[in-house]
Amino acid sequence: EEFYSRIKGKGVNKTVILNLILSGCFDALEKHKAPSDRLSTVKKFINIIGEEMPEELSDPDSLSKDYFWILKQKELTGFGYFDYDKIYRPNQSKVKNLEYADPTAIQSDSFIKKNCTVLGLITEIRTWPSKNGEFSRLTLNNNDSNFECIIWSEIWEGHKELLMKSKNKIVMVTGEVRENTYQGVRKPNNLLSNKRTKLVLL
């Protein structure tokens, strides 16, 4: 409240202040212990200016999740660390409790031909035609690592419409880790979909 009263009328609009809150700039000042605590500061600010809560902050289920606030922070600043193991645990039943593996783990030879769950932020979606129908390659970012998931046509067909609108959203994918030796060159292992694959947007 004091901050807003000091800068009011000095060329800093309401959107800028809201974005500062979403970016975590007031976390220390407001003694936030978790990213989701930013909601209380947003509500305080909205009350001060006498406006309604922005539509993007209207889903109660999302507002209680730390990763939702980190995602907002990353959208605004380009920075944000996701605790994917923490995200996986309350959602593991959605992928039938299949073990979560981070991008470093799946590069181990011990993971080749092993089924597991990966999580990441969708940064790129590319599609190609094949004799069995269109398939896709999802590039996922897991904090400091990027990795690829190949989604074959039998799975892609049922998820294409939703996934094509989901760039920069977090997804859980199950599948089989395989060596990537395309054109005879060994590249980082990737995850291939199979008949049991689950794709869950968070």
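This report describes the fold, one helix pair and two buried residues of a predicted protein model.

## Overall architecture

The secondary structure of the protein chain consists of seven helices and six strands. Read from the N terminus, the order of elements is α-α-α-α-α-α-β-β-β-α-β-β-β. Six helices therefore precede the strands, and the remaining helix stands between two groups of three strands.

The C-alpha trace spans about 65 × 30 × 30 Å along its principal axes. Of the 202 residues in the protein chain, 42% are buried. The exposed surface of the chain amounts to about 12,000 Å², and carbon and sulfur atoms supply 48% of that area. When contacts between residues at least 6 apart in sequence are considered, 53% of them join residues at least 24 apart.

## Packing of helices H2 and H3

Helix H2 covers residues 14-22 and helix H3 covers residues 38-49. The two pack at an angle of about 165 degrees, and their axes lie 9 Å apart. Because this angle is over 145 degrees, H2 is roughly antiparallel to H3. The crossing of H2 past H3 is right-handed.

On the H2 side, the contact is made by Lys 14, Ile 17, Leu 18, Ile 21 and Leu 22. H3 contributes Arg 38, Thr 41, Val 42, Phe 45 and Ile 49. By class, the residues of this contact comprise seven nonpolar, one polar and two charged.

## Leu 18 in helix H2

Leu 18 is located in helix H2 and is one of the residues through which H2 meets H3. Its relative accessibility is 10%, so Leu 18 counts as buried, the cut-off being under 20%.

Leaving aside residues up to four places away in sequence, Leu 18 touches Val 42, Phe 45 and Pro 54. Val 42 and Phe 45 also belong to the H3 side of the helix contact. Leu 18 and Ile 48 are separated by 30 residues in sequence, and their C-alpha atoms are 12 Å apart in space.

## Ser 136 in strand E2

Ser 136 is found in strand E2, which runs over residues 135-142. With a relative accessibility of 0%, Ser 136 counts as buried.

The contacts of Ser 136, not counting residues up to four places away in sequence, are with Arg 126, Thr 127, Cys 149, Ile 150, Ile 151 and Trp 156. Among them, Arg 126 and Thr 127 precede Ser 136 in the numbering, while Cys 149, Ile 150, Ile 151 and Trp 156 follow Ser 136.

Notes:
Residues numbered from 1 in each chain as written. Predicted model: local features only at pLDDT ≥ 70, side-chain atom pairs only at ≥ 80, totals over all residues. Heavy atoms only, no water. Axes fitted to C-alpha atoms, helices over the stretch in contact; angles between N-to-C directions. Helix = DSSP H or I, 4+ residues; strand = E, 2+ residues; numbered from the N terminus. Parallel < 35°, antiparallel > 145°, perpendicular 65-115°, else oblique. Left-handed = near helix turned anticlockwise from the far one by under 90°. Contact = heavy atoms within 4.5 Å. Nonpolar A, V, L, I, M, F, W, Y, C, P; charged D, E, K, R; others polar. Buried < 20%, exposed > 50% of the residue type's maximum accessible area, 1.4 Å probe, protein only. Areas by Shrake-Rupley, 256 points an atom, 1.4 Å probe, with all protein chains shown as cover.
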